[in-house]
Amino acid sequence: MRHIARGLLLVLVLLLAFYLRIDDLGDWPVRMDEAFSVWAAQMDFLKGTEFIASDVHPPIYFWLLHLWLRLTGSSEFSIRMLSVLPSLIAVPVVYIITLRLSSRRLAALLAMLLVTTSPYLIYWSQDARMYPLATMFASLAIYAHLRNRTILFAFAGIGTALTHYFGAIVVGILVLHEILSPRHKGAKRRHWYVAIALILLVCTLWGTYAIGLIRKDPSFATFDPQAAFLMMAGAFSVNSSTHLGAYNLHVALVTAIFFVGLVFSWRDNPRATYFIVLGCLLPPTVISLLGLPFVPIHVNALQARYFNLFAPFVFAGFGIGLTAPLGGRWLCLVGMIAGIGLTMFYGSLTLERADARYFKDDYLSMMMAVAAFTSADDRVYFISGGRRPLVYYHLDQAGYDVPKNVYAEPVNVTGIPRSNESDVSAMMNWIFAGIDRFWLIEIEAHLDQPLDAPLNWIKDNYHRIYHIPVAWNGISFFSNDENDTIPTIDAIIPPVITEARPGDLVRIGVPAGATVELFHSGQTIDSHVAETWMLHQFDIYPFYFNGYYELRVADQHYPFVITHSQDFPGGST
């Protein structure tokens, strides 16, 4: 009966992990790195491999995403499911790792529960990047090391190192642990050597291919161990890598609980404890060393997400440490309070994060307007600073169905690159040679350097016949004939959002002469009308009441809801 109850509890925790990771999975826009993942994965396989190698990424995640997109499509929900699934596998594996190290089911359950509710791991499990997959491989590698599963160890070791380059640190920790505390004997030791050799061989083959392609970062590396340790502590304490000063008390408290628990654990189980210490202290140390200026491949702009791979060590450490005082009456009570408190703290951060994520219309309506106005015969250019992947992603989502090249770029769409002040004119003359008329997409054009130089060149050499402002962005039609006709369409582009909050813009595209009304509680509270087809933007003000609203065009009604669950930027609602 006890086994049934224990199994049921584990299933419930796993279901909770699934719910927290899939909840509202597709209900917010992709960020630029996610769009980069999709764009790279949509390329021809060989070109995509070359592209990601040149952009400092190992291949496994992108290879899997390449296949995944062909099965599921590229919606916000589907691209993130490839992160959800490996993050779920990591949850029970951490339970098994902790149980193997401590032989205490309560420690394993606590570790599993903390992994389940960790806002840091939940955040990255809902992001279309390689980090959850790397964490899964790292968990499997640790499990295989502890259970002497050499075939699995070889597979997971390769997967860890070739999903994220910092995965090599995980493999290195396990090798060091084997050297300091040998676990394999006889034939199994020989098999272990073969597994290590296989990992080295495969990684060397990839490294030989990628070393000539990988981009070189010209900026200076920074050796800052304090920042690395603080970033790792902040990630697993408060799910934050920025503004650590605001969280010093929380970070210090959670980190202190972790290390005090390991002190108690050392007394009863030094072998397991020093394994956890290796897994928690070596990563920020090694990453800091990679910031030394004479290191050929160094780390710049360190991010908290890089520590995702080391989560199995951290949460196994929490489970072992918080249950170590079980032998003492008062210490046991303190450990239970700390474990429950940490779980509740994680839960509150997760709820806060979930409330802040909802779908905003960043570029999708804009790209739908581009798709409605243009065809494969029209030339389309865009200026976007570093937002190139977002342009391609949203053109796909808007149904911009035109031929593409092997780089997953529409053949009639050209990104205007950044350029030095001295060669802007030469570059622009070369790009626009023989072009009489074209569409221009401006996506945060102010990010381009030198500031606005390409856009100014276009305005000096062509006539802007038509312009649709979209917040700070815009769509324009340019021609070398100032009397060129303004394109007209009859399409209605409905709002793409279902929820808005103060500070948001709700957009709808309507034909010339049509009146658009924002309707609430039986009355019109705002209306727009334009002489030409226009993508109308309705501001959501903080004095608008919560509730259901509609945009009305003729006999068409488009409902959405306004909520004030988040403060208006710059002040309280």
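These legends go with a set of close-up views of a predicted model.

**View 1. A nonpolar patch on the surface, with Leu 12 as one of its members.**
Start on the outside, where Leu 8, Val 11, Leu 12 and Leu 15 make up a nonpolar patch. Taken together, these four side chains have about 380 Å² of accessible area. Leu 12 sits in helix 1, which covers residues 2-22. With a relative accessibility of 47%, Leu 12 counts as partly exposed, because that label covers values between 20% and 50%.

**View 2. Gly 7 and Tyr 274, a pair of residues 267 apart along the chain.**
Gly 7 is another residue of helix 1. It is partly exposed, at 30% relative accessibility. If you go from the C-alpha atom of Gly 7 to that of Tyr 274, you cover 30 Å.

**View 3. The largest cavity and its lining of 15 residues.**
Now for the inside: searching the whole structure turns up two cavities of 30 Å³ or more. The largest of them holds about 110 Å³ of space. Which residues lie nearest its centre? They are Ser 87, Ala 90, Leu 121, Thr 135 and Asn 308. Four helices each give at least two residues to the lining of the largest cavity: helix 5 (76-102), helix 7 (119-125), helix 8 (131-146) and helix 15 (311-323). Sorted by class, that lining has nine nonpolar residues, five polar ones and one charged one.

**View 4. The second largest cavity, lined in part by helix 3.**
This cavity has a volume of about 50 Å³. Its lining includes Ala 40, Ala 41, Met 43 and Asp 44, along with Phe 45, Gly 48, Thr 49 and Ile 52. Phe 62, Trp 63 and His 66 line the second largest cavity too. Helix 2 (32-42), helix 3 (45-54) and helix 4 (60-72) each supply at least two lining residues here. Which helix gives the largest share of this lining? That is helix 3, with four residues. By class, the lining of the second largest cavity has seven nonpolar, three polar and one charged residues.

**View 5. The salt bridge between Arg 31 and Asp 127.**
The whole structure has 13 salt bridges, and this view picks out the one joining Arg 31 to Asp 127, with the closest N and O atoms 2.9 Å apart. The two partners come from distant parts of the chain, 96 residues apart. Arg 31 is in the loop between helix 1 and helix 2, while Asp 127 is in the loop between helix 7 and helix 8. Are these partners buried, or partly exposed? Arg 31 is partly exposed, with a relative accessible area of 23%. Asp 127 is buried, because its relative accessible area is 0% and buried means under 20%.

**View 6. Arg 507 and Asp 361 meet in a salt bridge.**
The N to O distance for this pair is 3.4 Å. Again, distant parts of the chain are linked: Arg 507 belongs to strand 7 (residues 505-510), and Asp 361 to the loop between helix 16 (329-356) and helix 17 (364-373). Along the chain, Arg 507 and Asp 361 are 146 residues apart. Both Arg 507 and Asp 361 are buried.

**View 7. A salt bridge from strand 4 to strand 3, and then a network.**
Arg 464 and Glu 442 form a salt bridge whose closest N and O atoms are 3.7 Å apart. Arg 464 lies in strand 4 (residues 463-470) and Glu 442 in strand 3 (residues 437-442), and 22 residues separate them along the chain. Arg 464 is partly exposed, at 38% relative accessible area, whereas Glu 442 counts as buried at 10%. Elsewhere, Arg 31, Asp 33, Asp 127 and Arg 305 are joined into one network by salt bridges that share partners.

**View 8. Asn 148 has a positive phi, and so does Ala 408.**
Most residues other than glycine have a negative phi, so positive values go against the common pattern. Asn 148 has a phi near 60° and is found in the loop between helix 8 and helix 9 (150-161). For Ala 408, phi is near 65°. Ala 408 is placed in the loop between helix 18 (388-397) and strand 2 (413-415). It is buried, with a relative accessible area of 4%.

Key: Residues are numbered from 1 along each chain as its sequence is written. This is a predicted model: local features need pLDDT of at least 70, side-chain atom pairs count only at pLDDT 80 or more; totals for chains, interfaces and linings use all residues. Side-chain values use heavy atoms; hydrogens and water are left out. Patches are made of residues with over 30% relative accessible area and no salt bridge: like charges are joined within 9 Å, nonpolar side chains (Val, Leu, Ile, Met, Phe, Trp, Tyr) within 5 Å. Accessible areas come from the Shrake-Rupley method with a 1.4 Å probe; for residues, only the protein chains shown count as cover. Buried means under 20% relative accessible area, exposed over 50%, partly exposed in between (1.4 Å probe, protein chains only). On a 1 Å grid over the protein atoms alone, a cavity is a set of points where a 1.4 Å probe fits but cannot get out, and a pocket is an open set with protein on both sides within 12 Å along at least five of seven lines; lining residues have an atom within 4 Å of a point. Grid points are joined across faces, edges and corners, and a volume is the space filled by probe spheres set on the points. Ala, Val, Leu, Ile, Met, Phe, Trp, Tyr, Cys and Pro count as nonpolar, Asp, Glu, Lys and Arg as charged, and the others, Gly among them, as polar.
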